[in-house]
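Here's a quick tour for anyone meeting this protein model for the first time. Where is there empty space, and how do two of the helices pack?

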Amino acid sequence: TYYQRIVLLSQSADQLKKNQLATDIVGDIKLSSFQQAVLLGSLAELSKDWLAAEGFYQEALSLNTPTIAAIRLAHVLFKQNKTDQAFSWLLNIQTDSNFSEEIRREDFLTEIQFYRFKSDDPEGLHKAAVYQRALKLWPLAHRIRYQYAMYFFEKNLPKEGLKQLQEILKFSPADANALNTYGYILAKDFNRPRVAYKPIEQAYLLSPNRAEILDSYGYVLHRLGRNTEALPPLQKAWKLTPSAVTAGHLAQVYWQLGDKEQANDYLQKGLNLDKNELELLEFKERLP
């Protein structure tokens with residue numbers, strides 16, 4: 001398909017192939033005007049021709065088809081530093097019932113993403129307001145609520161973050177992301193590994209092959225003094241997705257098991273990935 005060809009070209013710098021694809025799209029009489037405009041907009045984005053992409057998306061939307069292209073238009077406006085226009089356009093989508101709820105929810109998440117790059121919201125107050133507006137419309141939008149919880153954790157407000165996760169788990173008790181994060185925060189920030197074990201174990205049983213959940217499972221076992229059991233899930237997490245956090249947990253487990261060489265090895269591996277990882281630095285300070 002054309003979209004598949006566009007995705008494949010995203011890995012290539014071959015402008016000739018991109019030009020040929022544009023020619024093929026324009027010359028394909030089976031495509032509607034709307035389809036051509038959206039495809040050409042995607043291709044222009046791929047080439048970082050933001051102005052051309054803006055024009056194609058405007059053309060697509062002029063055909064009165066509510067589509068995700070509306071959000072792509074906001075993206076290309078933002079790329080051109082037309083921030084006021086981008087935010088205004090996002091607000092239009094949020095209040096336009098012609099767009100599906102799925103698109104409108106994605107629109108809220110896009111607005112939040114934009115605020116990550118704005119220097120005039122250092123406290124994240126605008127971002128918080130967007131979460132609140134979205135959740136007022138869709139209280140059960142768990143994806144948005146989960147991100148709102150993460151916002152609180154980033155602001156070092158773990159109690160507020162836990163409240164949001166509890167709200168998710170009230171309606172979706174098998175949400176592996178919420179279970180895992182809820183348990184991990186309880187163990188790490190509130191020093192309650194015994195209480196944390198159950199939600200993390202539930203998350204592990206639901207998703208036993210996800211690195212972040214394996215890491216949490218190994219971590220809580222370590223906090224409970226079950227270091228021999230903690231090693232396999234942490235090793236698997238490291239193999240799936242090496243991270244400074246997992247390296248720190250492995251270092252602590254190996255140290256408790258008496259293997260100081262491996263502990264120091266993972267300490268160094270973790271610092272190579274992130275020299276500012278707090279848990280690694282704290283562990284390094286505790287070493288004799």
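What follows looks at a pocket, a cavity and one helix pair. Keep in mind that this is a predicted model.

Let's start with the open space. The largest pocket holds about 700 Å³ and has 31 lining residues. Nearest its centre you'll find Tyr-184, Lys-188, Asp-215, Val-245 and Glu-279. Helices H9 (142-154), H11 (176-189), H13 (211-223), H15 (244-256) and H17 (278-286) each give two or more residues to this lining, and H13 gives the most, with seven.

Now for the enclosed space. There is one cavity of 30 Å³ or more, and its lining is made by Ile-112, Arg-116, Lys-127, Tyr-131, Gln-147, Tyr-151 and Glu-154. H8 and H9 each give two or more residues here, with H9 giving the most, at three.

Here is how the two linings break down by residue class:

| Space | Volume | Nonpolar | Polar | Charged |
|---|---|---|---|---|
| Largest pocket | about 700 Å³ | 12 residues | 10 residues | nine residues |
| Largest cavity | about 30 Å³ | three residues | one residue | three residues |

Finally, the helix pair. How do H7 and H8 run relative to each other? The axes of H7 (residues 101-115) and H8 (residues 125-137) come within 9 Å and cross at roughly 170 degrees. Angles over 145 degrees count as roughly antiparallel, so that is how H7 and H8 are arranged. On the H7 side, the contact uses Arg-104, Phe-108, Glu-111, Ile-112 and Tyr-115, while H8 brings residues including His-126, Val-130 and Leu-137. By class, this contact has seven nonpolar, one polar and four charged residues.

Note on methods. Residues are numbered from 1 along each chain as its sequence is written. This is a predicted model: local features need pLDDT of at least 70, side-chain atom pairs count only at pLDDT 80 or more; totals for chains, interfaces and linings use all residues. Side-chain values use heavy atoms; hydrogens and water are left out. On a 1 Å grid over the protein atoms alone, a cavity is a set of points where a 1.4 Å probe fits but cannot get out, and a pocket is an open set with protein on both sides within 12 Å along at least five of seven lines; lining residues have an atom within 4 Å of a point. Grid points are joined across faces, edges and corners, and a volume is the space filled by probe spheres set on the points. Helices (H or I, at least four residues) and strands (E, at least two) are DSSP runs, numbered from the N terminus. Ala, Val, Leu, Ile, Met, Phe, Trp, Tyr, Cys and Pro count as nonpolar, Asp, Glu, Lys and Arg as charged, and the others, Gly among them, as polar. Axes are lines fitted to C-alpha atoms, for helices over the stretch in contact, and angles run from 0 to 180 degrees between N-to-C directions. Angles under 35 degrees count as roughly parallel, over 145 as roughly antiparallel, 65 to 115 as roughly perpendicular and the rest as oblique. Contact means heavy atoms within 4.5 Å.
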